[in-house]
Amino acid sequence: MKLVVDELSVRFGDTLAVDKVSFAVGETERLGIIGASGSGKSVTSLAIAGLLSETARVSGSIKFDGQELVGLRERDYRRLRGNRFSMIFQEPMTALDPTMRVGLQIAEAIALHDRRTGKRLTVEEELQRVGITDPGRVADSFPHQLSGGQRQRAMIAMAIVNKPDLVICDEPTTALDMVVQRNILHVLDDVLTDRAALFISHDLGVVREVCPRVIVMQEGHIVEEGPIDAVIAAPAHDYTARLVAAARGEL
Amino acid sequence: MKRSSLWAGAALVGFVVLVAIVGFFWTPFSPTSNGPTPLAAPGWPHLLGTDAFGTDVLSRLMAGAKVVLLVGVLSVLGAAVVGVPLGMAAAMLPRWAGEIPARLADILYGFPALLLAILFAAALGGSTWTAVMAIGIATVPAFVRVARAATLQVVSQPFVEAAELAGVSRFVIAGRHVWPNIAPLVWVQASVSFGIAILSEAGLSYLGLGSGPDAPTWGRMLREAQDHLFSTPILALWPGLAVAIATLGFNLLGDGLRDVLDPRLRERP
Amino acid sequence: MKRLLIRLAWFAGSLLLASLLIFAATNWLPGDIASVLLGTNATPEAVAAKRVELGLDRPFLVRYLEWLGGVVSGDFGTSMINGRSVTATIAPRLEVSLWLVLFGTLGSLLLALPVGTFAAVRRRHLDGFVVSALSQIGLAVPAFWAGIWLVVLFAVRLQWLPAGGYVPYWESPAQWALHLILPVTALSIVQASVISRYVRTAVIDVLHTDYFRTARAIGWGKVGALWRHGLRNISISLLTVVGLQVATLLVGAIIIEQVFALPGLGSRLLLAVTQRDLVVVQGIVLVLVWAVLLINFLVDVAYQMLDPRLKREAT
Amino acid sequence: MRVRRIIQLLAVLLAAVMMVSCSRPSGGSSEPSDQGAERKVLEVGATGEPAGMDMITVDGAGTPFVLLYNVYETLVKLDAERNVKPLLATEWEMSPDRLTYTFHLDPQAKFADGSPVDAAAVVASFQRIIDGAGTGQVKGNFAPLKAVRAVEDKVVELELHAPSNYFLLSLTTPAGIVVNPAADVASLNETPAGSGPYQLGEWEPGSKVSLVRNEQYWGTPPHYDEVNFRYYADPNAMNTAMLSGQLDIISNLTVPQSIGQFADTSKYTVHEGVTDGEVLLSFNNSNPALAKREVRQAIHHAIDRQAVVDAAWGGKGELIGSMVPPGEPWYEDLSDTYPYDPEKAKELLAQAGHAQGLTLRLRVPSLPYAPPAARSIQSQLRAVGIEVEIEELDFARWLDVVFSQGDYDMTIVAHVEPRDLRMFAREGNYLHYSNPDFDKLMQEADEGDETAFVEKQKEAARLLTADAPVDWLFLLPNIIVTTPDIDGVQADQTSLSFDVTLLASSR
């Protein structure tokens, strides 16, 4: 198992955001986490990445490659982030530094974990791998000069540039329109091959495209878990049923 | 914790105002009369000691609070009365006309209070009124800016547009819709400007351009204390502390008001 | 480009208007310069003659335009007291004031950036709270008061640094630096409080941005991410704040020059005011006000140029 | 890269400023680097800056403080004991009718440009004043002078309208300076042309006036190569400069309260002497209330002058009861004429019809002693029913409003001119005071013989004290602080000059 989460709880002051959540992700498995906003799915992903704000109190266990992440020293955590595991966020407009050229930001991700100092060629190769046709121009652009799809591709390039074992995708397509969304899902499907991935979304349809297995969260609890087709075919929980109904209505 | 600066600011300002009010009617000793024991150390009966004239320092501080508040109130009030309508006009008038007060404010912003006061003091002689005038004029642009920015936001809202379409006059709109919405920001600015006014007044009096020798202002006390810096340095401590406490109070009050009145700026978790 | 031209026109207009205001104000000063110059036993005829000699009898507008024409070509006129060129009087003093403002700005930034960042990152801890409280207090302390105590401590008690005065640095760079330390510190402490409070707010905003989270997600530590991505994002708006603070700094410098007996523009201005030397007064006030307006203008333009998000609109 | 760009921008800016500053001419020969460490430089701290360099036409004590005897020389000079001593003139005689003085000039004497100080130069200098140039004070001093004539190349004759005992003393004041006739009169305000041991070096208004040695000086060369007068707007800043070793001398400590800072005798020497500066509470004698002698005397009785000195001037300064400083031959101690007696004061006020009280404006200049003295006096006068409204004016405005226009009720100012008893006789004085008896006594003193000069002035001073047109608060002390190695300091200030030619260092 690449990632084993056991009895994970996250508390902000008096609010319990995640309550004793347990799940595991295999070496090359893709697990979807689905739930409405506030269900605790994003908090769970940030807890794994160790990026929760310092007001959060985390208990339970998160084992990555057998290494315990809860209570891990920041210095050691830093070596893992962007290197052994990486993240892709929802809003590509704001997730990239608006004042820095995109190529440089990707190069930085390489340089942080490798003394190769992010050669330009590598950056352009990576951009090409995520389906960008003119990597030179994109690398030289500021985020605001790119389209949403290009930005998100750059974001994906940043995430996989160090060949991580695990990629956590937090609503990676939510902010995009339908056509772009589809393209990005293809790219993701491609780059996530041979890696473990955690795929977080509120959209059942999107999760279905990439994940064979899914867990459903509501108010900090896991309410349902299983193969995606089984969950869709026969939702065991009311909430899941509503999600399925909503997804059908859209499609 | 959330409103700590509001409460701390209100407490400090309340304290200063209380001292000023008490000082208006009663001080332990006369704040302008000579006493028999010059340069006495803090103790009894002179809690904060006496200055070179034997005058009780505490009494002078109390009497000084009155002058400081007077300068602050008059200059800030005057600046608000002039600046807020100008700022509202700048936002509500047609673009070309509105630019004029806005740009005037920018130019005036280039004249800091002290520079104006130096000019005025030269022209009219240093006095409390010169200080009020200079600080007041220098504070106007701050109000123009705040009122203009806030008004621009208000007038772009649907209910104002609706009122305009209904033919309500601009004056009525300004009074009924705009002012109630921008008032909180004006209060915040007033509190912040008050703090700046206190500092400016102290600087002016320190340079000898503010109130006269018979008006016991804190800046003037600092100026006088400087002659005794080596023998009795503590004399320079009290008035400086008083300035710092009063300014701190108004700054905190301004911050606190901002947090309470302007939810957009509230700190996120 | 058009926007820039409009800005430039406004800027020129404000320079002009400011000069008119200053000229009007100084010419309105009572305490007739002619009678001051002639001393205590002057006859009215002598005063009238002196007024003619000084050109004070001619119409206001004519005198204003002549003065402005001179200023534009670098000639600020001649002092009424000692007949020296005002330009020559201002130039060496401008240098002292420039050092004060320059180092005051740099010093306050050097202080404010780490302090503000610390206060932001540690805002939920006691030490962070103490640091913000200190900067709040620093904001309320008069700079000259800080200066007085710096003198008492470092110049008189410890005797580490000179209490005042100025040595041009071509005479002795070491002495020059030593003489500037205390005044610059006094200016910076107060200035840094203002800026550090801004930095704190800005850094808290950065801590909540997505790009900051991204930076952390690719492996930056908190401080590293702030340094690499936070600073560059706040630097542009920080520039605006610092620019606007220059006016405050210039004024603070007037009093600080007085405390430390520095031969800068401020102390010369106060002297000229007591001597009723109108030409010098209006020359110095004009330099100070134009400097503030110029800096505001430059900051405005720089803001447009530096922010890549605004670049398209500006060009 | 934006941050880096901003830093680069700042660096370029810094470099530009450095370059501009570097390219400035660096002051010629007055640089210490030029001649190494042997150059002897004296740093003098001072407060009253010269308003111009022409002592004849510029008012104020700042100019003669720097220039008199150092850059300009007079025919005769007063020594520390107030005796008239030769300077440019080696000897002089007076005609029996006491109307003509004949001065023999020192044959060695020459101006800084090498031209000789001859009779023609004296004539040119003095004729300028006879022709109407000069401040009121200068003209007043030279009022008795009718004509000036060159008798021989080095002999000059001065003819007076009437005998004057004061005239010889007047020759020691700024009015008596001998100016190089080769110099353009219009340029004198910037470049003085004298015969003294120093020449004006750099002058940076607002911060320093430097004197450099006149290498061609005809007499005994002075000890210092260069003397820098450093000006401080704030006297405390001057003290701290002395404490941190930037000054060799504080020429006059104007914060006597702080004298304790210089108590360490291994580092500082403090010379306490007297000046001719009588600090007056001056009355506008044309004010309806103050025109009454009882009111003026009441104020005298109401003020505890020692308390004023203690509060305003750190207790330093002698109490005087008249316009005559101790040391003058006609000095008498009149300081007990009006003992501190508030009851007596109230009585006198009642007599004058002001039993119910009185309100007076006290307009003071912003000079170090005046506002604190005003505060102390305000409190004391309130005790006898006189409400005092204090207004502080900067000095230029004070000169205009109070001194020139006479628009005031009371003011506080020091009269630093030597032998200024005469000013009460001057027409149109700012006190609006006129007393024919006093004028007559002063005239008799000036025109009479030496005994009359002393006796009539004593009488005049007593008359003045009895009439109380001003309250003589105290005599300004002369407090000079030096480093211990400096010799030749004259403790009492008897002229307007800060005579650096007397100073030497044992360093």
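Q: Which residue stands opposite A:Ile34, and in which strand?
A: A:Ser201, in strand 8 of chain A, stands opposite A:Ile34. The model is predicted, so local features need pLDDT of at least 70 and side-chain atom pairs count only at pLDDT 80 or more, while totals for chains, interfaces and linings use all residues. Residues are numbered from 1 along each chain as its sequence is written, chains are lettered from A and ligands numbered from 1 in the order in which they are written, and side-chain values use heavy atoms, leaving out hydrogens and water.

Q: What makes strand 3 and strand 8 of chain A a pair?
A: Two strands pair if DSSP finds at least two bridges between them. Strand 3 (residues 30–34) and strand 8 (residues 196–201) of chain A have five bridges, in the parallel sense, and therefore meet the criterion. A strand here is a DSSP run of E of at least two residues, a helix is a run of H or I of at least four, and both are numbered from the N terminus.

Q: What is the strand order of the six-stranded sheet in chain A, and which strands are its edges?
A: The order is 6-7-8-3-9-10, in an open sheet with mixed pairing. Strand 6 (85–88) and strand 10 (221–227) of chain A are the edge strands, since each pairs on one side only. Neighbouring strands are turned by 15° against each other on average, direction ignored.

Q: How do you know that helix 1 of chain A packs on this sheet?
A: Contact means heavy atoms within 4.5 Å. Helix 1 (residues 41–49) touches strand 3, strand 6, strand 7 (166–170), strand 8 and strand 9 (213–218) of chain A. The direction of helix 1 makes about 145° with that of strand 6 of chain A; such angles run from 0 to 180 degrees between N-to-C directions, and axes are lines fitted to C-alpha atoms, for helices over the stretch in contact.

Q: Why do strand 4 and strand 5 of chain A count as paired?
A: They have two bridges, in the antiparallel sense, and the rule is satisfied because it asks for at least that many. A:Lys63 stands opposite A:Glu68 of strand 5. The hairpin has two residues between the strands, and A:Asp65 takes a positive phi near 55° there. Strand 4 (residues 56–64) is also joined to strand 1 (residues 3–12) of chain A by eight bridges, running antiparallel, with A:Ser9 opposite A:Ser59.

Q: What makes strand 4 and strand 6 of chain D edge strands?
A: Each pairs on one side only. The open sheet of four strands has the order 4-5-7-6 with antiparallel pairing, and the twist averages 20° from one strand to the next. Strand 4 (89–94) pairs with strand 5 (residues 100–105) over five bridges, where D:Ala89 has D:Leu105 as its bridge partner. Helix 4 (residues 119–130) of chain D lies across strand 5, strand 6 and strand 7 (155–160), at about 165° to strand 6.

Q: Why is helix 3 of chain B called oblique to helix 5 of chain B?
A: Helix 3 (residues 95–109) and helix 5 (residues 128–155) of chain B pack at about 140°, with axes 9 Å apart. That angle makes helix 3 of chain B oblique to helix 5 of chain B, because angles under 35 degrees count as roughly parallel, over 145 as roughly antiparallel, 65 to 115 as roughly perpendicular and the rest as oblique. The contact of the two helices has nine nonpolar, no polar and four charged residues. Ala, Val, Leu, Ile, Met, Phe, Trp, Tyr, Cys and Pro count as nonpolar, Asp, Glu, Lys and Arg as charged, and the others, Gly among them, as polar.

Q: Is the crossing of helix 2 and helix 7 of chain B left-handed or right-handed?
A: Helix 2 passes helix 7 of chain B in a right-handed crossing, so the near helix is turned clockwise from the far one by less than a right angle; anticlockwise would be left-handed. The axes of helix 2 (residues 57–92) and helix 7 (residues 170–207) come within 8 Å and cross at roughly 145°. This contact has 18 nonpolar, three polar and two charged residues.

Q: How many helices and strands does chain B have?
A: Chain B has nine helices and zero strands.

Q: How far apart are the centres of the two domains of chain D?
A: The centres, taken over C-alpha atoms, are separated by 33 Å. The domains are domain 1 (73–186) and domain 2 (276–477), with bounds from an automatic or database domain assignment.
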